[in-house]
Amino acid sequence: MIEYIDMILPYLTTILLVSSIYAIFALGLNLEWGFTGLINFGHVAFLAIGAYTTVMLNMSGYSLILSVIAGIALAGFFGFLLGIPTLRLREDYLAIVTIGFSEVLRFILLNEEWLTRGSFGIHGFERPFQDVIPYQYYNIFLLLLFVAILGIIYFSLEKLIHSPYGRVLKSIREDESVPSALGKNVFSYKLQSLIIGSAIAGLAGAMLAFYLQYINPFTFKPIETFNAWIIVILGGTASNKGTVVGALILWTFFSGTRFIEEYVPFESHQMGAFRMIIIGLLLMLLMMHKPEGIFGEREELALSD
Amino acid sequence: MHYLTDQVVKLDILSVRNLKKHFGGVKAVDGCSLKIDAGTVVGLIGPNGAGKTTMFKLISGFEGGSGEIMFKGRRIDKLPPFKIARCGMVRTFQIPHALTKMTVLENLMLAPNIQCGEQIWNIWLRRKKIKEQEKLIKDKSQKILEFFEILHLEDEYAGALSGGQKKLLEMARAMMIDPSLMMLDEPFAGVNPTLARKISGYIEELRESGMTFLIIEHDIPAITKISDKIIVMNEGKIMAEGVPEEIKQRQDVLDVYLGGEG
Amino acid sequence: MQLIINGLVIGSIIALTAIGLSMIYKTLNFVNFAHGDFVAFAAYIAFFVNTSLGVHLAPAFLISILATILLGVFMEKVVWLPMRRKNATRTTLIIISIGLALVLRNILIFVWGGGTKNYNIPVRQGFSFFGATITPNQILVIITAFLLMFLLHYLLSRTKIGKAMRALSDNIDLARISGIDVDKVVLWTWVIGLGLAATGGVLYGLVTAIRPSMGWYLLLPMFAAIILGGIGNPYGTIAGGMIIGLSQELSTAVLPTEYKFAVSFVVMTAVLLVKPEGIFGGAK
Ligand SMILES: Nc1ncnc2c1ncn2[C@@H]1O[C@H](COP(=O)(O)OP(=O)(O)OP(=O)(O)O)[C@@H](O)[C@H]1O
Ligand SMILES: [Mg+2]
């Protein structure tokens with residue numbers, strides 16, 4: 001029995017660690033899309049900005065906490081920059097500009113080796129409390145830390161969306177001409193939502209770097225954006241609880257497919273493509289048939305018209 | 001002539017000069033000028049496609065056109081809709097814009113301006129004030145819902161309401177704000193007659209308290225009954241303007257509009 | 001000079017494919033994020049028919065264009081039409097289209113791998129031209145693109161279906177009331193829009209290597225061209241496509257070639273910032 005637990009515990013820890021990071025990442029997207037109706041197809045860019053800023057600042061001698069804060073702030077700042085030209089226009093424009101930005105950012109991370117070490121990636125940066133915590137317990141510690149952060153983010157967002165502020169965000173999602181006619185500065189609210197969502201993604205980026213101990217541009221492929229979309233939609237758009245559950249489901253599923261990998265006659269590039277096809281199909285089918293998600297709160301998003 | 005003296009005694013809250021809006025070849029609003037005195041009810045009538053709704057959109061900033069619009073002595077054409085709304089003007093939409101995936105109560109509670117909890121930092125810094133405000137706003141919402149006879153639906157999603165109920169919701173939401181000028185686009189369309197009369201009464205009550213109304217309506221008897229002045233539009237132009245009795249007598253108005261109704 | 005020639009060639013392809021995207025955008029009122037992947041799909045089918053089945057390139061092109069259109073029609077029947085019936089919002093359609101983009105692109109990777117491919121054609125000598133070379137393939141691309149654009153202009157302005165398409169893109173509800181068979185016209189929009197995309201795709205395969213992401217990386221330049229030219233303005237789109245193509249190629253004189261893609265991003269964002277209705281006007 002004990003041996004059994006010893007075997008399964010590290011595995012479980014890994015799933016939970018990754019899930020908590022992705023839950024936070026997706027909570028940022030849920031604020032933007034689920035509550036405000038913004039389409040951000042480049043969410044991964046903010047994950048990357050958070051991760052790179054944190055580790056690069058730390059490697060050049062700044063304290064860890066300061067580096068993380070800078071990472072969050074810079075991610076939020078880029079949300080602001082992208083929001084300025086797009087958020088007064090139709091929702092399509094934000095989608096285009098964010099997806100373009102995430103691709104351009106990946107090129108920059110790959111090519112500006114003087115800054116980012118290109119495809120070699122970065123490792124050897126500090127992890128929180130690494131001197132104090134014994135190595136064999138480190139992941140458990142990290143898990144506790146991440147769950148605590150997730151808790152803080154989750155409850156803050158819940159508070160946010162159940163406030164008059166959240167009411168304005170939801171009204172923008174529904175039909176922005178109504179809050180406009182009532183005197184709410186829709187553009188400013190959209191911008192704030194994008195900034196907060198991006199900053200949260202930046203935080204998730206720092207966490208991802210701590211977990212992986214190594215980042216390179218390939219850590220931040222476009223697919224990560226769509227993983228977040230799947231998480232949000234799976235769990236029920238506009239439900240923070242659903243988003244956390246969605247993250248857990250997706251990563252349990254992904255680690256499940258690792259076992260299957262040995263039994264299917266796919267080559268390695270095919271396995272990656274296969275996974276993306278599944279993600280794409282899931283996105284299409286969920287939006288077509290179950291836009292309220294599997295755990296959507298009542299029929300909040302199911303009513304058409 | 002009496003018009004001039006009128007102007008001296010009464011303050012016009014809204015004045016529009018030479019307003020124009022073209023959609024391709026269609027001249028939806030074609031050089032309209034009008035003045036609305038504070039504390040009056042003005043009816044805007046005219047056949048379908050006359051340009052009434054477009055006029056509303058121009059005044060409330062939802063469409064850009066040419067011309068000059070003054071509201072409470074301030075130029076507002078060029079301002080975005082939310083700023084115009086903050087000057088104290090609220091409009092309803094002809095086709096109700098219910099926020100479908102929010103509850104009826106939430107739809108109303110959204111409306112009041114300068115809510116403390118609409119500022120993000122206040123959510124953590126001024127919890128008590130927000131709580132108090134929320135309670136006040138909720139009470140007011142419920143009172144208004146009760147007046148419009150949809151209080152029993154307060155926890156339903158607005159998307160689940162019937163067409164007429166959505167119309168009521170649209171109006172109830174506007175009533176949540178206490179604006180200086182309330183612009184209603186066909187408030188009585190699809191509303192049962194008893195309730196329509198009740199709403200008329202409410203409008204007169206609010207006017208007594210100093211509110212100004214600009215109301216688009218096809219129900220001529222209803223609108224002439226509550227209006228101090230009627231403006232008739234046709235093909236983008238203002239063709240007649242005056243007290244209801246006068247308008248009812250005008251042959252040209254009868255021809256384009258009232259004629260059809262006998 | 002060489003850069004200008006390359007720019008014109010890429011510009012023609014961007015313009016050709018972007019017109020299809022713009023038509024679908026105007027008619028159906030949403031951005032089809034899978035448009036670029038239809039472009040790549042066409043190139044791959046042409047490659048497959050040409051190399052694996054050993055068919056000559058010209059018929060291979062036709063087969064590929066037909067196959068792409070068929071796929072588009074299939075998607076209209078199983079996805080877009082049912083979603084329109086359900087009154088799906090624009091955001092829903094956008095998300096479905098990005099899902100479709102992922103599926104299409106990864107099917108290409110799954111079947112043909114991530115590497116580059118080429119048609120089975122002899123390499124032909126280019127002509128010298130003011131110190132630059134232009135290959136017969138490049139000339140073919142430019143000529144075909146312009147021929148098709150003229151054809152499209154004729155179609156939109158002279159034929160009944162073209163006029164119906166324009167009416168639809170002006171106001172779909174009005175068109176429905178005035179007795180236009182909306183679903184049929186939408187179907188034609190897909191056929192023509194994807195036909196242009198597919199033609200752009202097979203031609204693109206002539207002048208560059210074929211790879212799964214070729215369409216994806218064309219998507220941003222296409223958007224940039226459309227936004228630059230003003231949405232719903234086909235001539236603006238053509239001009240926009242040329243400008244984007246040229247500036248992408250000319251940028252390689254000062255920037256690493258990897259940043260070609262960034263050029264369209266920067267141009268697009270700048271236009272959105274200062275003149276979102278496009279520099280050549282057009283509907284908002
Ligand atoms: N967005 C638009 N695009 C093109 N034409 C428009 C648009 N909005 C209004 N119009 C045209 O402008 C004219 C005036 O329309 P408007 O909605 O102002 O009429 P209305 O007086 O409110 O009519 P109703 O009594 O039927 O509501 C109509 O001919 C209409 O077709
Ligand atoms: Mg109207």
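**Reading the contacts of chains A, B and C and ligand 1**

Trainee: Which elements of chain B each supply at least two residues of the shell around ligand 1, and how do you know that they are elements?

Mentor: β2 (26-37) and α2 (52-60) of chain B each supply at least two residues of that shell, and they are named as DSSP runs numbered from the N terminus, helices being H or I over at least four residues and strands E over at least two. α2(B) gives the largest share, three residues. This is a predicted model, in which local features need pLDDT of at least 70 and side-chain atom pairs count only at pLDDT 80 or more, while totals for chains, interfaces and linings use all residues. Residues are numbered from 1 along each chain as its sequence is written, chains are lettered from A and ligands numbered from 1 in the order in which they are written, and side-chain values use heavy atoms, with hydrogens and water left out.

Trainee: What makes a residue part of the surroundings of ligand 1, and which come nearest?

Mentor: A residue is near if one of its heavy atoms lies within 4 Å of the molecule; there are 13 residues around ligand 1, of which B:Asn48, B:Lys52, B:Thr53, B:Thr54 and B:His218 come nearest. By class, the shell has four nonpolar, seven polar and two charged residues, where Ala, Val, Leu, Ile, Met, Phe, Trp, Tyr, Cys and Pro count as nonpolar, Asp, Glu, Lys and Arg as charged, and the others, Gly among them, as polar.

Trainee: Why is the pair of B:Lys52 and ligand 1 called a polar contact?

Mentor: An N or O atom in the side chain of B:Lys52 is 2.7 Å from an oxygen atom of ligand 1, and a polar contact is a pair of N or O atoms within 3.5 Å (within protein, one must be able to donate a hydrogen and the other to accept it, and residues adjacent in sequence count only if both atoms are side-chain atoms), so the pair qualifies. A backbone N or O atom of B:Gly49, at 2.8 Å from an oxygen atom of the ligand, meets that limit as well.

Trainee: How do you know which chains touch?

Mentor: Contact means heavy atoms within 4.5 Å, and two pairs of chains touch, with the most contacts between chains A and C. Chain B and chain C do not touch, their nearest C-alpha atoms being 11 Å apart.

Trainee: What makes up the contact of chain A and chain C?

Mentor: There, 46 residues of chain A are in contact with 42 residues of chain C. The two chains bury about 4000 Å², 76% of it on carbon and sulfur atoms, buried area being the accessible area (1.4 Å probe) that two parts lose on being put together, summed over both.

Trainee: Why is the pair of C:Arg90 and A:Glu91 called a salt bridge?

Mentor: A salt bridge needs a side-chain nitrogen of Lys or Arg within 4 Å of a carboxyl oxygen of Asp or Glu, and these side chains meet at 2.9 Å, N to O, so the term applies. The count between chain A and chain C is two salt bridges.

Trainee: How many salt bridges lie across the interface of chain B and chain A?

Mentor: The rule finds three, and one of the pairs that meet in a salt bridge is B:Glu134 with A:Arg167, at 3.0 Å, N to O. This contact takes 36 residues from chain B and 29 residues from chain A, and the chains bury about 3000 Å² between them, 62% of it on carbon and sulfur atoms.
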